[in-house]
Amino acid sequence: MKQTLPARPFTRSRSARIYTGALIAVMHLIPITVLITGTSRTDWLLFAAIYPFQAIGVGVCLHRFFAHNAFRTSRWFQFVLALFCASTFGDPIRFAGKHRLHHLHTDCKDDPHTPLHGWWSSWFGSHLDSKYSDEEICAQVPNLTKYPELMWLHRNSLAPGLALCFIALLIGGFSGMAIGVLLGASILVHQSSAVNYLCHKYGRRRFDTDDLSTNNFLVSLLVFGEGWHNNHHRYPVSARAGFCWWEIDMFYWVICLFEALGLIWDVKRPPEQLRQAKLLPTG
Ligand SMILES: [Zn+2]
Ligand SMILES: [Zn+2]
């Protein structure tokens, strides 16, 4: 089994990586400071109202929709989904391009965040520098770069998140912004990294995929279904990552809700032959 791999060289300058690292550090330090100095009821009400949208923005929108086209939708609702992503300072084009490169080169030298490059590179390093240029990332997502509104978000990915911070600041003051917006965004950095790292290192492998992906029950609980990652690598276009009834997948429930409301359609699900495979319990 492969143990370590050399990583690709950096594509961004040292100062650009330090700048991004400083932004992420500040995003963490502000809510940590407020947690230590004291929070209010309004802060937590803001968190309860905003965090679900941020989490859906990462799991449903960035990953299952923008990266994998797991369902189809209208152009206006696509932009709404992009704004969900932007609430965590996410950029659909950058995330989807980088994630498609992950699936293209999973657990090989050119994977942007395989644990085979080491813990730091997998957990934090890929947020500072994906090791791919902007042109290489955009080339992965021609279906997204054709939309001017998504390209605007690509160029101004901090703007909607900062606008949300300003609204939270008006409602709950500095602590409202810190807990209401920045705490959730910080938690989601680690939820994403937990999938990238832990679900390529620890857990069970239902399918003998050509990578190290695993199904990890604990990560699935903590990341609302994203931890069924071996299932996901076996059938990446599926909107459903938990293939059986006991594989809790809350992001899939959200997708089913959107579908029931008529907001999305052509939801892709795992093929019946996978569900009927001897490896797979029915449910
Ligand atoms: Zn993966
Ligand atoms: Zn994926």
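In this predicted model, the side chain of Ser 74 places a polar atom 3.2 Å from the backbone nitrogen of Phe 77. Ser 74 belongs to the loop that runs between β1 (72-73) and α3 (75-86), and, when neighbours within four places in sequence are set aside, its contacts are with Leu 263 and Trp 265.

A comparable arrangement is found at Asp 91, a residue of the loop between α3 and α4, where a polar atom of the side chain lies 3.0 Å from the backbone nitrogen of Ile 93. Asp 91 has a relative accessibility of 8% and therefore counts as buried, the cut-off being under 20%. Beyond the residues up to four places away in sequence, Asp 91 touches Leu 62, Leu 153, His 154 and Ser 157. The C-alpha atoms of Asp 91 and Cys 61 are 10 Å apart in space, although the two residues are separated by 30 residues in sequence.

Two of the residues touched by Asp 91, Leu 153 and His 154, are also listed among the buried residues of helix α8 (residues 148-155), together with Glu 149, Leu 150 and Met 151. The buried residues of α8 pack against α2, α3, α4, α6 (134-139), α7 (142-145) and α9 (159-198). Two packed helices are described by the angle between their axes and the distance between the axes. For α4 and α8, the axes come within 7 Å and cross at roughly 90°, which means that α4 is roughly perpendicular to α8. This crossing is formed by Pro 92, Ile 93 and Arg 94 in α4, which meet Leu 150, Met 151, Leu 153 and His 154 in α8.

A second helix pair is made by α2 and helix α12 (residues 250-260), whose axes are 10 Å apart and whose packing angle is about 75°; α2 and α12 are therefore roughly perpendicular to each other as well, since angles of 65 to 115 degrees are counted in that way. On the α2 side the contacts involve Ala 55, Ile 56, Gly 59, Val 60 and Arg 64, and on the α12 side Phe 251, Tyr 252, Val 254, Ile 255 and Phe 258.

The zinc ion (ligand 2) has as its protein donors the NE2 atoms of His 63, His 68, His 99, His 103 and His 232, at 1.9 to 2.2 Å from the ion. The spacing of these donor residues in sequence is H-x4-H-x30-H-x3-H-x128-H. Distant parts of the chain are linked in this way by the pair His 63, in helix α2 (residues 41-67), and His 103, in helix α4 (residues 92-104), which are 40 residues apart. With a relative accessible area of 6%, His 63 is buried. The zinc ion (ligand 2) is separated by 5.9 Å from the zinc ion (ligand 1).

With regard to the cysteines, the count of disulfides comes to zero, a disulfide requiring sulfur atoms within 2.5 Å. Cys 165 is in no disulfide, and the nearest cysteine sulfur, that of Cys 85, is 16 Å away; Cys 165 is itself buried, with a relative accessible area of 5%. For Cys 244, the closest cysteine sulfur is that of Cys 256, and because the two sulfur atoms are 15 Å apart, they are too far from each other for a bond. Cys 244 also counts as buried, at 1% relative accessibility.

Notes: Residues numbered from 1 in each chain as written. Chains lettered and ligands numbered in written order. Predicted model: local features only at pLDDT ≥ 70, side-chain atom pairs only at ≥ 80, totals over all residues. Heavy atoms only, no water. Donors = N, O, S within 2.8 Å, 3.2 Å for Na, K, Ca; no water. Helix = DSSP H or I, 4+ residues; strand = E, 2+ residues; numbered from the N terminus. Buried < 20%, exposed > 50% of the residue type's maximum accessible area, 1.4 Å probe, protein only. Polar contact = N/O pair within 3.5 Å; in protein donor to acceptor, adjacent residues only side chain to side chain. Contact = heavy atoms within 4.5 Å. Axes fitted to C-alpha atoms, helices over the stretch in contact; angles between N-to-C directions. Parallel < 35°, antiparallel > 145°, perpendicular 65-115°, else oblique.
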